[in-house]
Amino acid sequence: MGIEKSVSELHELLAHKDMSSTELTKAYIERIQAVDPKLKAYLTVLEDQALAQAAEVDRRIAQGEVLGALEGIPMALKDNLCTEGVRTSCASKMLENFIPPYNATVTDRLRTAGTILLGKVNMDEFAMGSSTENSYFAKTRNPWDLECVPGGSSGGAAVAVAADEAAFALGSDTGGSIRQPAAFCGVVGMKPTYGAVSRYGLIAFASSLDQIGPLTKTVRDNALVMNAIAGYDRLDSTSVPFEKPDYTEFLVNNIRGLKIGIPKEYYGEGIDPDVAKGIQAGIQTLINLGAEVAECSLPHTEYAIPAYYLIATAEASSNLARYDGVRYGYRAEAEDVLGMFKKTRSEGFGQEVKRRIMLGTYALSSGYYDAYYLKAQKVRTLIKQDFDKAFERFDVLLSPTAPTAAFKFGEKSANPLAMYLSDITTVPINLAGIPAISIPAGFVNGLPIGMQFMGKALDEGTLYRAAYTFEQNTYYHTLKPQLSGEVLTCGSR
Amino acid sequence: MAVADKYEMVCGLEVHVELQTKTKIFCGCTTEFGGEQNTHVCPVCLGMPGALPVLNREVVNYAIKAGLALESEIAQFSKFDRKNYFYPDLSKNYQTSQFDLPICIKGGLEIEAEGEKKWIGITRAHMEEDAGKLVHSGETISTSNESSVDYNRAGVPLLEIVSEPDMRTIPEVLAYLEKLVQILEYTEVSDCRLEQGSVRFDVNVSLRPIGATSLGTRTETKNLNSFSSVRRCMEYEIARQARVLDAGENVVQETRTWDEGQGITLTLRSKEEAHDYRYFPEPDLAPLIIDREWVEKIRKTLPELPAARRTRLQALGLSAYDATVITQAKAMADFFDEALASYGDAKTLANWIMGDVTRLLNTNQCRVADSPISAKQLAELLALIDKGTLSGKIAKSVLEEMYSTGKDPSIIVKEKGLAQISDEGALLGIIDSVIAANPQSVEDYRAGKDRAIGFLVGQIMKATKGQANPGLVNQLLKEKLS
């Protein structure tokens, strides 16, 4: 069937005409039809459009054109990435019927690369959450255990890749939203350097933290997708003008002499001992492969969560002000304009989104700005300096991606603070603007756990080298969630 | 006791001026005025989800230019901030503006009011985006069944220029505004079309007892769009605040609005209701770094400013009044300078421009810039008078012909046979026949009635259809009759 294969394997099949893009696309659509009623990774499936795109690629193959690395490969986009003519809902009632008249830059770049858009995948509403439970539309289930969350906010993207409902997916990561679901679902997730991938057309949560990145089955696939989406874009003023490397050139099975720092603050209380043990085993593997590993300190880590939740919510309160019912999206009827604003926003946003808008509005209020927002920005600078200092000694830093494996539905949703605290290993990276990758690193009680490599700004290459070497010397990425017959025939339930 | 004997008025102004770049501040949409509703828009200026701003470099150039003309410092480091408030004409419900680090600081300009020269400080000038426009089905928002929003103007670049509270009288305020608008026009950063709303004024007024050093409580009246509204609004507000103070009460610090129809100001928002704009740095735009080189490059494009130009014109022999009138608008002064390049008599040139040319333009409601008579053509016309080809009187009718046809004066003279008769032989024949036909007048003249010669000259002019050179006619006639 092929759907379980990696992008690079699929490329070989297509290039050698062992399989057509149409056949492959059909296989994915059948898979989605079979498992998604239960998993609910997808919010929108684009069967006709996908098959039309696949037919076009097949015509090119038939004409003997040389296939690009991603050409004819079916994929999915998180539903906060704008797709021209295709609903982009942010998993919110507010944008339930919003059809953008434009593409995000990444959408355009993947289209140019010849990929097939299978559909749009679920997420926490406006990317606010760590479990995808905050979606207005559906609860996405973790294919490793249907009673567990897939992580979030890019839960749909992680599940689509883990359950072979797409060859790869793009997510967005503001405080861990690519890496944590990748860890929970046993796939590879990269949060690139801030500014390495254009944010144009990514519906903003927190502008200074948001980054788009790939979720893939292998490290090689991840580098291939980065090759297509990274690079300067004049439509995004925060995009970095840099010479984009061929990321696949870093995929060498060799980390001899690589200096790896272990920030001790990332192994504090709250880390599941089994997760810590798994990561410890991973570190031993890296040492055996010739890496030089030593402990280090990022002393301001404990302030990262409060700083993050001030900055992110402050920016969100402003970014989400535009949803007022005037121009697009949900509109509630009311007596006057102010009434319409209030009712539209009260009814159109979910609980978590409203909570964060209120927090952010408060943090920016006159008289509180200095104590909250400004202080948080200073903390951010200190956190950045922590990393700068660590990278004087180390090539990469290593930690668990998340303190635990996937948790059960409802386990943390009643306690927002507990949910926020589970982001401790991921948010400092966004505050510092540096890249980080999560790769499968073992299992705890049958659930995957992730190992996170953090790197210097624009040094995704070294992350790929470390991740690739680890992957090539471990078996975790080869294991697949076994979906039971119940899932496959869930229509009956 | 008159208000002015008891209180001193203190006024500071915020002036919002549209910069005349071709495209908007954060997207490529045209800034053209008019246009069908919501046709000059794109995802960026409509604030669509995921759309991002990109700063128009030309807007920065214009802001630097205006700042230099207003003798400001140009900040090497400035940034944009978000000003958050909900209003339907604001597509993102925040305005991208500059808060604590504006592009221009510490400037000012010199005014002259009631014979006194005075320096008015300019605290700052910053770049921001304009909002859209509400279109109501009825007269006002409260009498309308429905309202729509036109976002054509959303994202048009504005420069907000904030003065120090340095003005003490209404004439000073008006002089400041006139001077400011003049400088902005001269530097061509704005066309300052008040009637199209491209300049808007917020007026801060307070009163304090004469001799007091601390400031009284001020009110801010927002969104005035003409000099006369500013004047009337201030007259009203001064009288109102004086009444409040006379009654022993306190002026309430608040934002007010001007009702043009009733000629009064009304409370818009009290201090308690004032918006908390929750300013914070715009994360979608990088800080703006302006190096010396950039500033110097813009400085080189600065035109001669009104004051310098006036001095130069006075050195050419123009009176202070004439020089002021000519340099009032840049287009007029440019017209003058262009004509001066081919016609050297500055005084005569100024008289013609301020007189007949201005009259023609005014009657036809034509702007100098659109004048069908070019500066070169005017110079040519004046040269024809000096050469004796045309009399001043005929030249005036030629000027009108030039206005309606756009033709060169020499062509009109040729086509209509208007050249002045300066040929003595030809004139002597006509003079002889006029003398012969009017013996009574000849006799009167010889009897000492000087007025009679005027009649004879008139007859000669009539016989030549006004084309005789009047000086020469006078001279020849007198010789004949002596």
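Two residues are taken to be in contact if their C-beta atoms, placed from the backbone, lie within 7 Å. The model shown in these views is predicted.

**View 1. The side of chain A that touches chain B.** In this predicted model, 35 residues of chain A are in contact with 26 residues of chain B. The elements that give two or more residues to the chain A side are α9 (304–319), α10 (337–348) and α11 (351–364) of chain A, and of these α9(A) gives the most, with three residues. Sorted by class, the side of chain A that touches chain B has 19 nonpolar, nine polar and seven charged residues.

**View 2. The largest nonpolar core and a second, separate one.** The largest nonpolar core has 215 residues, and the members that touch the most other members are A:M75, A:L118, A:A160, A:A169 and B:A63. Helix α9(A) gives the most to this core, with nine residues. A second core, separate from the largest, has 34 residues, among them B:I326, B:I353, B:A375 and B:A379. For A:A160, when residues up to four places away in sequence are not counted, the residues touched are A:A41, A:Y42, A:A76, A:V121, A:E165, A:A166 and A:A169.

**View 3. The open sheet of chain A and its edge strands.** An open sheet of 11 strands in chain A, with mixed pairing, follows the order β1-β3-β2-β4-β6-β5-β10-β11-β9-β7-β8. Its edge strands, each of which pairs on one side only, are β1 (42–45) and β8 (292–296) of chain A. On average, and with direction ignored, neighbouring strands of this sheet are turned by 30 degrees against each other. The edge strand β1(A) is joined by three bridges to β3 (residues 116–121) of chain A, and the two run antiparallel. Within this pairing, A:V121 in β3(A) is the bridge partner of A:Y42, and both A:Y42 and A:V121 are also among the residues that A:A160 touches.

**View 4. Backbone geometry on either side of α5 in chain A.** The peptide bond that joins A:G152 and A:S153 is cis, with omega about 5 degrees, and A:S153 is found in the loop between β3 and α5 (155–162) of chain A. The loop between α5 and β4 (168–173) of chain A holds A:D164, a residue that has a positive phi of about 60 degrees although it is not a glycine. A:D164 counts as buried because it has 22 C-beta neighbours inside 10 Å, where the cut-off for a buried residue is 20 or more.

**View 5. The surroundings of A:C90.** The loop between β2 (74–78) and α4 (105–112) of chain A contains A:C90, which counts as buried because it has 32 C-beta neighbours inside 10 Å. With its neighbours within four places in sequence left aside, A:C90 is in contact with A:D79, A:N80, A:L95, A:E125, A:F126 and A:I203. The C-alpha atoms of A:C90 and A:Y136 are separated by 9.0 Å, although the two residues are 46 residues apart along the chain.

**View 6. The domains of chain B and the contact between domain 1 and domain 2.** Chain B is divided into domain 1 (3–296), domain 2 (304–416) and domain 3 (424–481). Between the C-alpha centres of domain 1 and domain 2 of chain B the distance is 37 Å, and five residues of domain 1 are in contact with five residues of domain 2. On the domain 1 side of this contact, helix α3 (residues 170–186) of chain B gives the most, with four residues. By class, that side has three nonpolar, one polar and one charged residues.

**View 7. The three-stranded sheet of chain B and the loop that holds B:R278.** Three strands of chain B form an open sheet in the order β5-β4-β15, with antiparallel pairing, and the edge strands, each pairing on one side only, are β5 (94–97) and β15 of chain B. Strand β4 (residues 81–84) of chain B is joined by two bridges to β15(B), and these strands run antiparallel; B:R82 stands opposite B:F280 in β15(B). The loop between β14 (264–270) and β15 (280–281) of chain B is the place of B:R278, whose phi is near 45 degrees, a positive value in a residue other than glycine. B:R278 is buried, because 25 other C-beta atoms lie within 10 Å.

Note on methods. Residues numbered from 1 in each chain as written. Chains lettered and ligands numbered in written order. Predicted model: local features only at pLDDT ≥ 70, side-chain atom pairs only at ≥ 80, totals over all residues. Nonpolar A, V, L, I, M, F, W, Y, C, P; charged D, E, K, R; others polar. Core = buried A, V, L, I, M, F, W, Y, C linked by C-beta atoms within 7 Å. Buried ≥ 20, exposed ≤ 12 C-beta atoms within 10 Å, placed from the backbone. Domains from an automatic or database assignment. Pairing = 2+ DSSP bridges. Axes fitted to C-alpha atoms, helices over the stretch in contact; angles between N-to-C directions.
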